[in-house]
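Please take a moment to look over the sequence and the model that follow. The paragraphs after them go through a few places one by one, and each term is explained where it comes up.

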Amino acid sequence: MIDNRLSGMVRLPGISAMFALLTPRILRRQAALLMLLACACPAGAAGKPPVILISIDTLRADHLSAYGYARIRTPNIDSLGDKGTIYLRIDTQVPLTLPSHTVLMTSTYPFANHVEANAESLPPDAVTLASVLRANGYRTGAFVGSIILDRRYGLDKGFENYDSPFQTAPGQLANPYSTRVRRDAALVTRAARQWIEENRGEPVFAFLHFYDVHTPYTLPQVAGLTPSLAGYDAELEHVDQALGRFRDALAHDGVWDQALVVLVADHGESLGDHGETSHGYFIYESTMHVPLIIHWPVGTAPYPERVGEPGGLIDVAPTILDFLHIAAPRSFAGASLLPGHTGRTIYGESVYAQETFGCAALHSLQAGPYKYIDAPRAELYDLARDPGERANLLAAHPAEARSLKSRLDELLARYAPAPLQSAPQIPPGTRELLGSLGYTAGGRQAPRRQPADPKDKIAEQEAYESGLTLLYTGQYDKAIVALQGVVTQDARNLPALCALGEAHLRSGNIARALALWQQALERDPNYHPAAESIAAACRLAPSAPQCQGRKQP
């Protein structure tokens, strides 16, 4: 604060000459006046420290050296904990990028805000952290690293400047390595620093989102679409270095010491745990446990160095507002993580396997050391003794499981919103883009009579993702073999059936592609990806049997 106020003082014209001419008595009066002006100057505005919220996409907590990881060092991320607080038990509420960031920004549950999958949109009446801070005098700017958080999905609400310079050309095949769909951490920090400098002297809220740790890895030595330990750690080191340069620049400008800096992740990465390579399918801690490190402004009364109480991303926005002494809006469902707020339960979910493959949805609740996962074959874990969730204690502790199940049902009922009239439809170009990043979206299947436990379908899911990787890296013959294997195993796996059709289309066999998409429609007449693929292909081959009599859009 002092540095900024002094810089405001020396900008007064001719102040040195004025002081030289003033009498000692007038000089004292002038100095007092200048001190009053300095106290009124908004240089970060007195009582309104800069707020910097940093989200590192796909970062699991146990890969930071501050959390005990030894394979690599992350000194710059760890440094936030110097005279700061490291929270040891923070979980995301949903292991997907857009839904998790929606929870972070709105402090609402995913089943309540209706953003449970990527490419869905924030409700127009949602209240965001940015909108609250803007209403309280903050300048607000966001700088995102991937098109997954593009402004089209509504997270720009409350931001005066939402920097998401992404675009995709209509009809062009998605390219996950394209600068049009993602950008490097160094570019994110450069844009953020420039905006902070432009608003120097104003209270600012800056949100930075880094996508580098998410596949596809782009560093030359580890580039690839499939998650790997070596690639993951290399990208994490790259982000750590970029954050170090960002911190040093802000420290040089006098901003860092004044700022409340909050570093989180939206979700983790399985990296093979429980048979899952990436994220979004299961809700085990490898994808749900995320870091939270808070750097307090210099002069703040000391907070604990490490906190072991459980919390969630849903609690981050209320924590920021609590520190700033700003009342949280009534819509916020989370609670502050600052001392004095205890006894919380932590919710988690994934409906990805349900909506994409017709499996059962997964929901979880944590209380104390226990975590309960509601599934066709339910699970109970003691996270204090078994953080890797290897020993299912359901049979040994049935009363604890029943209690958590009852509390989970109560939570779902308490926050349940009115159901949507119809499921949102994802544009074909967006669906292809998400597919190139390893996601499936916009193809909800009709529910099955007896949905499978996702645990029983993980091998099929992994085979499907491998087929997608081959498809979007141009290895069409190999993709056809891989995806045909999935379809042979489960003829109702409609995403695999449609991806197989896409592989045939790209290899030049339009007739086979059309036949496969027609099979998907016969199994589920309302499966939009199949209908949209047929419509697109019929523009190329209108004489094909599947195109006869079809009205072209």
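A good place to begin is Lys371, which forms a salt bridge with Glu389, the closest N and O atoms being 2.9 Å apart; a salt bridge here is a side-chain nitrogen of Lys or Arg within 4 Å of a carboxyl oxygen of Asp or Glu. Lys371 lies in strand S12 (residues 370-374) and Glu389 in the loop between strand S13 (379-382) and helix H13 (398-415), so the pair ties together parts that are 18 residues apart in sequence. Helices and strands are DSSP runs numbered from the N terminus, with at least four residues (H or I) for a helix and at least two (E) for a strand. Lys371 is buried, with a relative accessible area of 0%, and Glu389 counts as buried at 2%. Buried means under 20% relative accessible area, exposed means over 50%, and partly exposed is in between, as found with a 1.4 Å probe and protein chains only.

This is a predicted model, in which local features need a pLDDT of at least 70 and side-chain atom pairs count only at pLDDT 80 or more, while totals for chains, interfaces and linings use all residues. Residues are numbered from 1 along each chain as its sequence is written, and side-chain values use heavy atoms, with hydrogens and water left out.

Side chains of opposite charge can pair when their charged atoms come close. A search of the whole structure finds 21 salt bridges. One of them joins Asp253 and Arg193, whose closest N and O atoms are 3.6 Å apart. Asp253 lies in the loop between helix H9 (229-252) and strand S6 (260-264), and Arg193 lies in helix H8 (residues 185-198), so this pair ties together parts that are 60 residues apart in sequence. Asp253 counts as buried at 16% relative accessibility, whereas Arg193, at 37%, counts as partly exposed.

Another salt bridge is formed by Asp315 with Arg344, and here the closest N and O atoms are 3.3 Å apart. This pair links distant parts of the chain, with Asp315 in the loop between strand S9 (311-312) and helix H11 (316-323), and Arg344 in the loop between H11 and strand S10 (346-350), 29 residues apart. Asp315 is buried, with a relative accessible area of 5%, and Arg344 counts as buried at 15% relative accessibility.

What is the setting of Glu462, and which side chain of opposite charge is nearest to Glu462? Glu462 is buried yet has no salt bridge, and the nearest side chain of opposite charge, Arg60, is 12 Å away; for this purpose Lys and Arg count as positive and Asp and Glu as negative, while His and the chain ends are not counted. Glu462 has its place in helix H15 (residues 458-472). Leaving aside neighbours within four places in sequence, Glu462 is in contact with Gly275, Glu276 and Thr277, where contact means heavy atoms within 4.5 Å.

The helix that holds Glu462, H15, also leads to a packing of helices. H15 and helix H17 (residues 494-506) pack at an angle of about 20 degrees, with their axes 10 Å apart; axes are lines fitted to C-alpha atoms, for helices over the stretch in contact, and angles run from 0 to 180 degrees between N-to-C directions. H15 and H17 are therefore roughly parallel to each other. Angles under 35 degrees count as roughly parallel, over 145 as roughly antiparallel, 65 to 115 as roughly perpendicular and the rest as oblique. Among the residues that meet are Tyr464 and Leu468 in H15 and Ala499 and Ala503 in H17.

H17 also packs with helix H16 (residues 476-489), and the axes of H16 and H17 come within 9 Å and cross at roughly 155 degrees. That makes H16 roughly antiparallel to H17. The contact is made by residues including Ile480 and Leu483 of H16 and Leu497 and Leu500 of H17.

Finally, consider Gly145, which has its place in the loop between strand S3 (139-143) and strand S4 (161-163). Gly145 counts as buried at 0% relative accessibility. Not counting residues up to four places away in sequence, Gly145 touches Phe166, Arg182, Arg183, Val188, His209 and Tyr211.

For the whole chain, there are 19 helices and 13 strands, and 57% of the 553 residues count as buried.
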